[in-house]
Amino acid sequence: MLSYNWKSQDIVKKVYDILKDEIRVWMDIKGDMKDDMYDSMAEGVQNAEVVCCFMTPEYQKSPNCGLELKSAQRHGKRIIPCMVTDKKVWKPTGWLDLITGHIISIDFHDTSDENFSLQMKELIRRIKEQSPAPISPVSQIVSKPSYLFELIRHEYERNSRIERIMNPSKSFPIERSYINLAIVETKEQQEKEKKLGDTKRSDKIISTFEEIYGTKSVIQVKDIFEKCKDETSKLLVFGRAGIGKSTFCRFVAHQWAIGAIWTQYDLIVLIPLRRLTEKDRYPPLLPGTNYLPIDLIKKEYLPNLKKNDEKLLEEQLSKSKVLWLLDGYDEIAQNMPKSLKSLLFEQLLKTAHHILTSRPYLNTLSYDVNMEITGFTDDNIAEYVKQFFDQSKDKLKDALFKGQKLQSFLKSSPTIWGIAHIPVNLELICSLWDETPLPGTKELTVTALYDNITEWLCRRYLINQNSDIQMTKEDLYTDFRKELTFLETLAFKAMQNNTIILGKELLQKVFKETEYSSKHYALILKIGILKSIGDQSNGNQIEVQKDHYFVHLSFQEHFAARHLVKALSGLAPQEAIDFIKNQKYNQRFELVFSFASGLLIESDDAQCLDTFWNAILQEPLDLVGLRHMRIAISCFEESCLNENFKRRNELIDHIANWIKYTVQTNHDKISTYINDSLKRSNAVVNQPKVIDTLIHLLTTDDTKTKEKVLGLISQITISNPYPELIHQLVKSLEHQDSKVGAGACRALANIGKTTAIKDAIDPLVKAIENGDSGITRPACDALGEMGEKAASKDLIDALVKALGNEDSYIRWRACCALWRMGQKAATKEVIDVLLQALRNADSKVRTLACYALGAMGGNAPTEPVIDALKQALGNENSDVRTNASEALWKISEKAATQQVIDALVKALANQDFYPRRMACYALGRMGQNVATKDVIDALVKALGNSDSDVRWRACDGLGKMGEKAATKEVIDALVKELGKEDSNSRTRAFYALGKLEE
């Protein structure tokens, strides 16, 4: 088989004409498999004994050529690389170099008759050789042809980057997407949540993810199936708007494709469920006929599949283990085409292996294992901001400084800090900050954020058109009035129709209603808020005949709110008022009403604002009042920062009274409901009247009331606690009821996450010495949380004292706190105590002591520390051994002393695979600086290890040591590694040999 890019067709055709007289040869005359990819793959790759690839820069860039050659490699075909481009001008890199770099290529770049004849003789000789296919570093030989699955796998491999929403030309590797999962384990709690909804309604609503009250524990993506109790793997993954559900699906599909996770599956099929509502893609069927799962695979991944290939696909699916990734149940739950209901509910959701993602509402499905995507952690935010501005270094000289300033700004504003934990919001913030710092105020609401983004997008469009942008926001919006009105009307109509896919019929209706000319429609797409389905480019097809969608559902909700606000201030506001009254308890519209509240507070229309709040607060009201509290708090969150809002005090009084009522009654469901509403409303809970209410409730003599208010404080974010509040919490530590004391500890721990509380340290230390395990443990937790924020001498002394406590849990938590404090706690006294902890009887304490010493890095490479960690490598507990090796690795990054190197060499011989891996990794990072004979010999010995991860890390380490490691012994060992079954080790050995050759 001749594999080539169409630009090389002339030279390849010349090769073909000579070969065909002596050898049975196959060549796709059209080149690059443009028309019949599947037949080309089947006829060419599967039937070939040898594949000759004609390499050029265009060949390397071609996805189809890459697919063809990778497929040949996976099927064990012998590959002969042929160079069509001069090696002095260009050499293969990346995937092409990985496949062909170890094979001597035939040089066809010189097209003279003499050279061509000479190279053809060599090509024919090598084709006729009967030697087996050379082992490629990344080849994965498959026992049966499965090229259709390989096509899908290759698509996931190619889909390796996450594009920015606001600037698709910029992207980052999918491996660097930060996906944090938490398990929702309490099934009884799910039932409790469902009862919160109106049971008379057919479309029951499950509360948003913050309202899942069950205990949560973090889990790695690769481990999510461990909670499944039987042979099936059925998971429901929740996540609110913009949290990263689709990114999660793309991430796991890509990780599977590259062999990083879930190799037990022959195929993973990712289906964005919103596509099922596209009538052009899935038109209605005749009565009595239904779509089948294979139809989804064909539509999404294998269009124009021939009959013989379709039969092969059916056979492969019937005998293969397949995992279905079904993304976005909430986007289709109320808009499911009849012809697809059977496919989803009777087939896909009954498969033994599937993952379903959804926003928490609009879901009535029951799963044994529920998980939620919890958004960015604090560390994720810092990493994302750095990554974002790293990509702007070429454009902005002060990009890194801008990124640092943004991080400081985010942390200084609790409101924005809360918003930033949602990935889509953080991208919007970074995009805006990249152009110009946010307005001087530190109080930014979600509404203001989206309004700023809308303004920014309009100005960006003008810049791209070389138009003047020197105008106020009001003038800007006037210039874009028709476009914004179209988007607002379209968004509101779509929300009314429960749809996210905006069909061309809806588009036509909105064109007529807004009197917007369709000939200007390309302008709307270029603004960047609306996208067409299918073709990413604008204007090169008839866009108005396509289906569309907002770049994110939250944008649709924001623009629907803009429409609602305009309707309220129009000549006939009654329809909008009736809409608010009828839909205010429909959770699907909660964000729309919150946005409306924020937009109105920024307007000068006091009458319209009053009308809105009358509709929210007055009849009709829900009987219990739970949903009423929720919508009022949600809308007030967007308004409470404006002190000129005349109903501000009235609403704060309402909320304060609701808090009093729920805390002083025995209705746990009501308490839970309002607590979770307040948990999402940082601006509301930090109002002085609300804080004063909490202080007042803490002074009560009623134990039950104290417990409840302490429980509330332990959940909400109080960014600037009043001294009196801290005083009352500290006072509660000494309460005669240990439950109250424990609640005070948890409340102080929660506040301590963001604020150092110096006055609470001594009372918490005293609480630890109390002896009552019910209070000592939460007291230690509280000190641990404060340890991350304030590594003061008093706090370090308290933690050191806790390391001597009789309770192993307290010792363990103290180690945790010191570990988090890292280098700030690297005093001699602390190090000495941690060294003692390495000899503690409790393995957990020993493990955390290793962690803590590792976190102190270069401040802890003293001889006693290194000796203690070396001894820990021989500990009977594997966790201790593992963490001792990790501590040595972290210390080595800051202080590569001979002692550290000796300890790492010792770790290479450890009985556990993880210490061996860490030692290889650490020594490899040090590179030529530690390339002594002892180190090199130890790494060569590691190549004989049974653990593949140890072997490939040893390969990496030897490669980084350069010419000092280029001995016959090392080269022989690496060449031997090329013959191993593990593809990763072969790959690393291949690259290591290349590094030594340099």
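Hi everyone, let's start with Glu 515, which is exposed, with a relative accessible area of 72%. Before I go on, please keep in mind that this is a predicted model. Glu 515 sits in the loop between α20 and α21, and its phi is near 55°, a positive value in a residue other than glycine.

There is another residue with that kind of backbone angle. Asn 498 also has phi near 55°, positive although the residue is not a glycine. You'll find Asn 498 in the loop between α19 and α20. Is Asn 498 buried, exposed or partly exposed? Its relative accessibility is 24%, and because the partly exposed class runs between 20% and 50%, Asn 498 counts as partly exposed.

Let's stay in this part of the chain and look at helix α19, where Phe 486 is found. Phe 486 is buried, with a relative accessible area of 0%. So what does Phe 486 touch? Leaving aside residues up to four places away in sequence, the list is Leu 507, Val 510, Phe 511, Thr 514, Tyr 516, Tyr 521 and Ile 524. As for distance, Phe 486 and Glu 513 are 27 residues apart along the chain, and their C-alpha atoms are separated by 8.8 Å.

Now to helix α24, residues 590-602. Its 13 residues, at 1.5 Å each, should span 18 Å, and the end C-alpha atoms are 19 Å apart, which agrees. How much of α24 is buried? The count is 11 of the 13 residues, so the helix is largely enclosed by the rest of the structure. The buried set holds Glu 590, Val 592, Phe 593, Ser 594, Phe 595, Ala 596, Ser 597, Gly 598, Leu 599, Leu 600 and Ile 601. Which elements cover them? Among them are α17, α19, α22, α23, α25 and α26. So α19, the helix that holds Phe 486, is part of that cover.

From there we can walk along to α26. In the loop between α25 and α26 lies Pro 620, and the peptide bond from Glu 619 to Pro 620 is cis, with omega near 0°.

Next, α26 meets α27. The axes of α26, residues 626-637, and α27, residues 648-664, come within 11 Å and cross at roughly 135°. The two helices are therefore oblique to each other, and their crossing is left-handed. On the α26 side, the contact is made by His 628, Met 629, Ala 632, Ile 633 and Phe 636. On the α27 side, Arg 648, Leu 651, Ile 652, Ile 655 and Trp 658 take part. By type, these contact residues divide into 8 nonpolar, 1 polar and 1 charged. For anyone looking at the spacing of those numbers, an α-helix has 3.6 residues a turn, so residues three or four places apart point the same way.

Two more stops. Helix α32, residues 723-732, has Leu 725, Ile 726, Gln 728, Leu 729, Val 730 and Ser 732 buried. The cover over these residues includes α30, α31, α33 and α34.

Finally, let's go back towards the N terminus, to Tyr 329, in the loop between β11 and α12. Tyr 329 is buried, with a relative accessible area of 5%. Where is Ser 358 relative to Tyr 329? In sequence they are 29 residues apart, while in space they are 4.9 Å apart, C-alpha to C-alpha.

That's my tour, and I'm happy to take questions.

Methods:
Residues numbered from 1 in each chain as written. Predicted model: local features only at pLDDT ≥ 70, side-chain atom pairs only at ≥ 80, totals over all residues. Heavy atoms only, no water. Axes fitted to C-alpha atoms, helices over the stretch in contact; angles between N-to-C directions. Helix = DSSP H or I, 4+ residues; strand = E, 2+ residues; numbered from the N terminus. Parallel < 35°, antiparallel > 145°, perpendicular 65-115°, else oblique. Left-handed = near helix turned anticlockwise from the far one by under 90°. Contact = heavy atoms within 4.5 Å. Nonpolar A, V, L, I, M, F, W, Y, C, P; charged D, E, K, R; others polar. Expected span 1.5 Å × (residues − 1). Buried < 20%, exposed > 50% of the residue type's maximum accessible area, 1.4 Å probe, protein only.
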